[in-house]
Amino acid sequence: MAIKNNVKPDTVLKTFWKNNQRFADLFNTVLFEGNPILKPNDLKEVDTDVSSIIKFNNHADTVQRILDVVRKTAYGIDFIIWSLENQENIHYAMPLRHMVADSLIYLKEYNEITTKNRNEKNFDTSDEFLSGLQKGDRLHPVISLCIYYGKEDWDGPFNLVDMLIMPEYLKPLVSDYKMNLIQVRKSEDLCFKDQDINNLFELIRSIYNKDYNSFQRMYKNKELSTELGLTLGSVVNSQRIINQVLAVKEKGSDSNMTDPFEEMLEEMKKQEGKKAKIEGTIHTCKKFHITQEETLKNLIEEFTLSEDKAKEYIKMYW
């Protein structure tokens with residue numbers, strides 16, 4: 001009987017990165033060339049819900065935003081907020097999403113400071129009273145990172161200016177907002193100290209590149225935990241491998257972790273063979289001037305596909 005589970009890929013990825021060792025190593029490797037700027041023991045958990053009410057004169061709007069993983073590093077009275085977001089698909093408004101999320105974090109701290117100042121009446125001038133801030137008050141920096149797990153190259157914007165339509169002469173006048181983005185499929189030059197991250201990224205790249213030899217070498221020669229298997233299954237959107245890994249976990253040992261990966265490798269090869277046959281069928285139909293409508297019917301009957309899936313293949317290979 002097939003295992004029934006309620007595993008949500010988004011939750012699995014959040015859990016994977018909530019590990020402070022991995023979180024610190026990710027930021028250090030991607031943003032600081034491997035230098036140990038973030039130390040796992042210094043990271044403190046922060047509320048991921050940064051939703052807020054934005055007020056403009058007599059109008060107010062609620063802005064809802066929940067981040068994936070947020071940590072804070074404190075150095076005496078100073079601190080830095082580190083924010084991580086997992087992204088499975090290309091999002092063409094991602095820089096704007098990052099800007100809004102970061103702004104909400106800044107707004108939250110601003111509101112906390114102004115509330116404290118007003119309660120304690122810490123104002124020396126009318127200008128301070130108007131803004132709610134004392135002249136020497138400062139906000140703390142927010143540094144965000146987005147991990148893109150998708151199979152296709154990121155062809156979306158990397159900063160706010162990329163999202164705007166305007167003449168070149170205006171660009172120097174527009175305030176930009178940069179997004180820190182890492183593409184897993186292009187992460188071969190990154191060397192993480194945490195082996196779970198290295199293993200996860202290499203397995204994902206080998207799947208996307210159809211490099212089955214590397215994939216087999218990875219799970220045959222290295223110790224891979226069930227947590228890593230669950231995370232991989234979540235990234236490549238394979239409910240089957242998630243079920244298989246959970247079955248191994250039920251046995252209370254990781255000793256048979258090669259089994260799900262072995263089955264996944266066979267499934268990948270089978271799917272590639274099926275795709276090759278579908279592509280060949282479409283090319284043949286096109287060559288003999290068979291209409292797309294007739295080709296669609298052939299694909300549905302011959303390969304037992306849904307109509308939507310058959311249309312997807314025609315769009316891909318016609």
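**Entry 1: Leucine 84 and strand S5**

I started at leucine 84 and found it opposite leucine 145 in S6. The model is predicted, so I noted its limits: local features need pLDDT of at least 70, side-chain atom pairs count only at pLDDT 80 or more, and totals for chains, interfaces and linings use all residues. Residues are numbered from 1 along each chain as its sequence is written, and side-chain values use heavy atoms, with hydrogens and water left out.

The names S and H needed a rule: strands (E, at least two residues) and helices (H or I, at least four) are DSSP runs, numbered from the N terminus. Leucine 84 also has a partner in S4's direction, since valine 69 has leucine 84 as its bridge partner in S5. I checked the two pairings of S5. With S6 it runs parallel, joined by 7 bridges. With S4 it runs antiparallel, again with 7 bridges. Two strands count as paired if DSSP finds at least two bridges between them. For background, strands of a sheet pair through backbone hydrogen bonds, either parallel or antiparallel. I looked up one further bridge between S4 and S5: the partner of alanine 74 is phenylalanine 79.

Is S5 enclosed or open to the outside? It is largely enclosed by the rest of the structure, because 8 of its 10 residues are buried. Buried means under 20% relative accessible area, exposed means over 50%, and partly exposed lies in between (1.4 Å probe, protein chains only).

**Entry 2: The whole sheet**

I then listed the strands in order. The sheet is open, has 5 strands in the order S1-S4-S5-S6-S7, and its pairing is mixed. The edges are S1 (43-45) and S7 (181-183), each of which pairs on one side only. Direction ignored, neighbouring strands are turned by 25 degrees against each other on average.

At the S1 edge, I found S1 antiparallel to S4 (residues 69-75), over 3 bridges. Leucine 43 has threonine 73 in S4 as its bridge partner, and glutamate 45 has arginine 71 there. Helix H1 (residues 9-17) packs on the sheet, touching S4, S5 (78-87) and S6 (142-148). The direction of H1 makes about 145 degrees with that of S5. Axes are lines fitted to C-alpha atoms, for helices over the stretch in contact, and angles run from 0 to 180 degrees between N-to-C directions. Contact means heavy atoms within 4.5 Å.

**Entry 3: Cores**

Next I looked for nonpolar cores, which are sets of buried Ala, Val, Leu, Ile, Met, Phe, Trp, Tyr and Cys residues joined through side-chain atoms within 4.5 Å. The largest has 42 residues, and Trp17, Leu84 and Leu232 have the most contacts inside it. Elements that each supply at least two residues include H1, S5, S6 and helix H8. Which helix gives the largest share of this core? H5 does, with 7 residues. Another core lies apart and has 10 residues, among them Ile282, Leu296, Ile314 and Tyr317.

**Entry 4: H5 against H7**

I followed H5 to its neighbour H7. The two axes come within 10 Å and cross at roughly 35 degrees. From H5, residues including Leu200, Leu203 and Ile207 meet residues of H7, among them Leu228 and Leu232.

**Entry 5: Valine 248**

Valine 248 lies in H8 (residues 239-250). It is buried, with a relative accessible area of 5%. Its C-alpha atom is separated by 7.6 Å from that of threonine 226, which is 22 residues away along the chain.

**Entry 6: Two positive phi values**

I noted histidine 289, which is not a glycine but has a positive phi of about 60 degrees. It sits in the loop between H9 (258-287) and H10 (292-303). Threonine 304, in the loop between H10 and H11 (307-317), has a positive phi near 50 degrees. Histidine 289 is exposed, with a relative accessible area of 71%. Threonine 304 is also exposed, at 71%.

**Entry 7: Totals**

Last, I wrote down the chain totals. There are 11 helices and 7 strands. Of the 318 residues, 40% count as buried. Among contacts between residues at least 6 apart in sequence, 61% join residues at least 24 apart. The accessible surface is about 18900 Å², of which 50% belongs to carbon and sulfur atoms. Such areas come from the Shrake-Rupley method with a 1.4 Å probe; for residues, only the protein chains shown count as cover.
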